[in-house]
Structure formats: structure tokens, C-alpha cells
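This report introduces a protein model to a reader who has not met it before. It moves from a helix to the ligand surroundings and then to points of backbone geometry.

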Amino acid sequence: MTEKSNDISALKEAVLKRSEVLGHTLRADVVTFGCQMNERDSEKLKGILKTAGFELTDEEEGADLVLYNTCTVRDNAAQRVYGRLGVLKREKLKNPWLITCLCGCLMQEEGSADEVLRRYPYVDLIFGTQNIARFPGLLLKVISGEEQVLEILKEPAGSHESLPAERKYPFKSGVNIMYGCDNFCSYCIVPFVRGRERSREAAEILKEIESLVRDGVKEVMLLGQNVNSYGKGLPDPVNFAALLREVEKTPGLERIRFMTSHPKDLSDELIEVMASSGKICRHLHLPLQSGSDRILEDMNRHYTKESYLSLVHRLRNAMPELAITTDIIVGYPTETREDVEDTIDVVKRAEFEGAFTFIYSKRAGTKAASLPETRDSGEIGASFDRVLKTVQEVSSERLKRFTGKRMSVLVEGVNERDPKLLSGRLSQNTVVHFPGEASAVGSIVPVRLTACRGFYFLGERQD
Ligand code: 5AD
Ligand code: SF4
């Protein structure tokens, strides 16, 4: 599961020395908050730690190094990190050798890192989203005795693409195709903490995918904040549809997913490529955010309620088996009850197979942060409940159409609650639980869907 290794030799030596002093192999616990981007970054960070001689663990207790890869997309994500930092203090008191590290989007946010160092003086190392490749050198400073090491950079420093990665799943992997975001949706902090949009060269991406497939990967998830604008600024002009056509040719690769699509940039060419592909999964995550034209304009989303619905219509016509999921924000400043009705109307007409619904969270520095918040939290909560209820009704009704069908499932693991069951995902990304043996984990197997339980299925293997 470990990909190509880098030169981390100086760190390795220091880790070995400390292991000898402490009398055991050092254990590292990497905790990830937030999205798939952070998940993939954490795989790289774990790869570095493993190469440097750490043993990876999921337990904070007894660990010699704890690294939190943080998120700040909404305030509750940030608060979760601060809550965990309080707990970490106890561990540090028990074990003064414990190395505590923080990285990721919350640390990249203006002022956050300084606040952490002030409020939590036992934090040893803080770095941001632009210098993951520099983690070995920064960690070496800490092990060599430097206190409160801090490095947050505005521009990317070094590439972390060739770093070793320790994948969560041997059979599937995320692949970054681009970094950052230039869209500046009015509510969103991502462009501020992930920097400007930069696409990776297609040849490099294809090489990485080939190497992952050689290492046992069957499914890749192409990652970017806005994959539909892939290719801008590259010396050889290439767009996302063209990249997908090339990825499709990779021998041995069975499934291709991607995330996230911005509705404003989703081309008819992409719909064609998806529809004619045997490998691209029948799932599209297409964030709506709001169904109200006035709010969409204020959000800087560059589409309208009707243009979004027409896009959904074209997608559904081209691929009847497609599952469309979305993100919705309720409680955006100035949002009225009528605006929420528009959102509910889109949910019903788009017939989403799933949706993540969020209450708006004010993020400092964004354009929306300066807008007046006109409704109180009780009213927003009531609207949120209405949207959520509609989403649940619509999506379980929509998913039911697959009941009785024999479909391919990539088996991801043994069910956590019932070890007689396996759990996996349809091409549509929906979870399926069915009886089976652990030896099937990592394979794509035919399963007849016997019952729809809201957002997941029960099934039986049918070879
Ligand atoms: N408040 C609430 N939700 C947000 N999202 C992004 N920023 C905010 C915010 N300030 C949601 C959007 C996005 C998803 C990843 O997170 O719906 O699509
Ligand atoms: Fe945020 Fe909009 Fe960029 Fe998505 S497209 S990361 S919502 S600014």
C-alpha cells in the first residue's frame, strides 16, 4: 500500500534515535477532519511518517506523535478541532515526549495558527496546506528540540505528488488533478485557505493512476474543488472531458469517480464522455447550494434555478441510471422563506438521490460575512428541517428504483456492526450491505438489491 518513497533519511535517523531512547517503535496517529482532499493529504502525511520509521495507529492514547489535519469550511469543523486540542493536553501531561502537530485548512486561515500557539502552548508543530512536502524537515526541527515550529506559506512550496502515500484502502484511491479554487463563492473560505487554482499535467496524473493500478487500485476518485474547469493554465491545452477519455484507457482500472463538479462549468462534452464510458461511475455530485436565483447570484454561483434543472434533465436523459447528489446551504444571509421554497422546489424536481444539507456558517474574510443576517437561528433551524425532510423523502423514493436489480458492488470491508455482512458501494455511490466472506473485500461482485432502507440497500450476492 506504500507508494514511491522519497528521501526522508535525516528524519528517519532522528526517529530511530528517539525510538532507542524510549525503548519502542514510535507510534503516530493522524486524525483527519473534513473533505476528500484532506483525506488524500493525510495519506501522504502518513506515508511520510511510515517511511520515517513510525508505526501508524488509530489510537491517540499511547501515541508518540499526534497530527490533526484540520478543516475550517464551517465553524463546527473548526470547533471540533479546538475541542480535541483540549483533550490532547491531558495526553501531553501524561507523556511529555508526545509530539503534537497541526496542519490543514484551519491552520492556513489568517490568525488561526497564532491563536493556537497562544491558547495551546503545548502544540509543537503547525504547518499549512501549501507546504505538506516540507513536513519531514519541519518534524526534524521538532525532534531536534526546536519549540513551537510554525510554517504557513501563501504559495505552494515543493510538490508532494511523489511523496509516499499510505492509503486507507488498497483497492481505491483519490488522485489530485488540481489544487485550490478561483471561484470565490461568497460564503466559502476554501479559495483563501487552499490558494489559487492549479491543474496538474495530464501526463503526470496518468502516470500516477497507472502506478496506483499496478499497486492494486481498481477505483480512482479524481479530486479537485472544481474538476470541470480542469486544464486552465496548462501549457498543453486539455479539458476535463479529454482527461477522462485518457484515464479511461488505463488498463486494469475498473472505476472512475470525480469530485466536485461545479454546475457552471459542466459541459455537454463531459456528459457525452460519461454516457459512453464503461468505467466512469454513474454518480455525479453537483452542488446546488440554493434554489433561489437571487441567492445564487449573491453567492456568485453563475447559474439559475432553471439552468441547473435543465442541466439535471440533460444528465438524466443521457444516463437514466445516474445518481445525482448535491450540497445545500440553508440560512444564507438575507435568505427569506420564499428562497427556501425555491430550494425545496429544486430538490423535488431534480429528484436528488442524496444531499448534504448545511446551515450557513459565517467565515471571516468572505464576502458573505459582511451581509446582514436577517433571520434568527430558530427560523433557520425550521427551514433546515423542512429541506432535510424533503431531501430524505425524495432521495429514498428515487433510490427505490434500483430495488430488485442485480448490480456491481465494490466491496469495501466487513460491516462494522455485523461481521456476517460485507459493505460496499454501487457505481451510484450508494452503500450496500450483504452477507459474504471477508475474502471478497476489494473485489467487484454482483449483488441483487433486495431492500432499500432510505439511503442504503440490503442485498444478496448473485454470481
Ligand atoms: N457555510 C455552510 N456551508 C458551507 N459550505 C461551504 N462553505 C460553507 C459555509 N460558509 C458547504 C457548501 C459546499 C460544501 C463542501 O460545504 O455546500 O459545497
Ligand atoms: Fe468554495 Fe465555491 Fe470553490 Fe466550491 S467552487 S470550493 S464552494 S469557492
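Which residues of H12 are buried? The model is a predicted one, and in it the buried residues of H12 are Lys305, Tyr308, Leu309, Leu311, Val312, Leu315 and Arg316. They lie on the same side of H12, because the arc that they cover around the axis is only 155 degrees. The opposite face, turned away from the buried side of H12, carries the exposed residues His313 and Asn317. Helix H12 comprises residues 305–318. Its 14 residues should span 20 Å at 1.5 Å a residue, and this agrees with the end C-alpha atoms, which are 20 Å apart.

**Helix H2**

A second helix, H2, is formed by residues 36–51. At 1.5 Å a residue, its 16 residues should span 22 Å; the C-alpha atoms at its ends are 23 Å apart, which agrees. H2 is mostly covered, with 12 of its 16 residues buried. Those buried residues are Met37, Asn38, Arg40, Asp41, Ser42, Glu43, Lys44, Leu45, Gly47, Ile48, Leu49 and Thr51.

Two residues of this helix merit separate mention. Arginine 40, located in H2, has a relative accessibility of 1% and therefore counts as buried. Its side chain makes a polar contact of 3.1 Å with the side chain of glutamate 208. Isoleucine 48 also has its place in helix H2; its relative accessibility is 0%, so isoleucine 48 counts as buried. How far apart in space are isoleucine 48 and leucine 163, C-alpha to C-alpha? The distance is 7.1 Å, although the two residues are 115 residues apart in sequence. Just after H2, glycine 53 adopts a positive phi of about 110 degrees.

**The surroundings of ligand 1**

The shell around ligand 1 consists of Val73, Arg74, Tyr187, Gln289, Asp327, Ile329, Phe358, Ile359, Tyr360, Ser361 and Arg363. By class, these shell residues are six nonpolar, two polar and three charged. The table lists polar atom pairs between ligand 1 and the protein.

| Ligand 1 atom | Protein partner | Distance |
|---|---|---|
| Oxygen | Arginine 74, side-chain N or O atom | 2.8 Å |
| Nitrogen | Tyrosine 187, polar backbone atom | 3.0 Å |
| Oxygen | Aspartate 327, side-chain N or O atom | 2.6 Å |

Taken alone, ligand 1 exposes 400 Å², and the protein buries 85% of that area. Strand E13 (323–330) and strand E14 (354–359) are the elements that give two or more residues to the shell around ligand 1.

**The surroundings of ligand 2**

Ligand 2 is surrounded by Cys181, Asn183, Phe184, Cys185, Tyr187, Cys188, Val190, Pro191, Gln225, His262 and Arg301. This shell divides into seven nonpolar, three polar and one charged residues. Tyr187 is listed around ligand 2 and also around ligand 1.

**The loop between E12 and H11**

Glutamine 289, one of the residues around ligand 1, is placed in the loop between E12 and H11. With a relative accessibility of 7%, glutamine 289 counts as buried. Its phi is positive, at about 70 degrees, although the residue is not a glycine. Serine 290 is found in the loop between strand E12 (283–285) and helix H11 (293–299). Is serine 290 buried or exposed? Serine 290 counts as buried, because its relative accessibility is 0%. The side chain of serine 290 reaches the backbone nitrogen of serine 292 at 3.1 Å.

**Further backbone features**

Most residues other than glycine have a negative phi, and most peptide bonds are trans. Against that background, two other places deserve attention. Asparagine 429, a residue other than glycine, has a positive phi near 80 degrees. Asparagine 429 is located in the loop between strand E16 (421–426) and strand E17 (431–435). Its relative accessibility of 24% is why asparagine 429 counts as partly exposed. The peptide bond from methionine 259 to threonine 260 is cis, with omega near 5 degrees. Threonine 260 belongs to the loop between strand E11 (255–259) and helix H10 (268–275).

Conventions: Residues numbered from 1 in each chain as written. Chains lettered and ligands numbered in written order. Heavy atoms only, no water. Near = heavy atom within 4 Å. Polar contact = N/O pair within 3.5 Å; in protein donor to acceptor, adjacent residues only side chain to side chain. Areas by Shrake-Rupley, 256 points an atom, 1.4 Å probe, with all protein chains shown as cover. Helix = DSSP H or I, 4+ residues; strand = E, 2+ residues; numbered from the N terminus. Nonpolar A, V, L, I, M, F, W, Y, C, P; charged D, E, K, R; others polar. Expected span 1.5 Å × (residues − 1). Buried < 20%, exposed > 50% of the residue type's maximum accessible area, 1.4 Å probe, protein only. Arc of directions from axis to C-beta.
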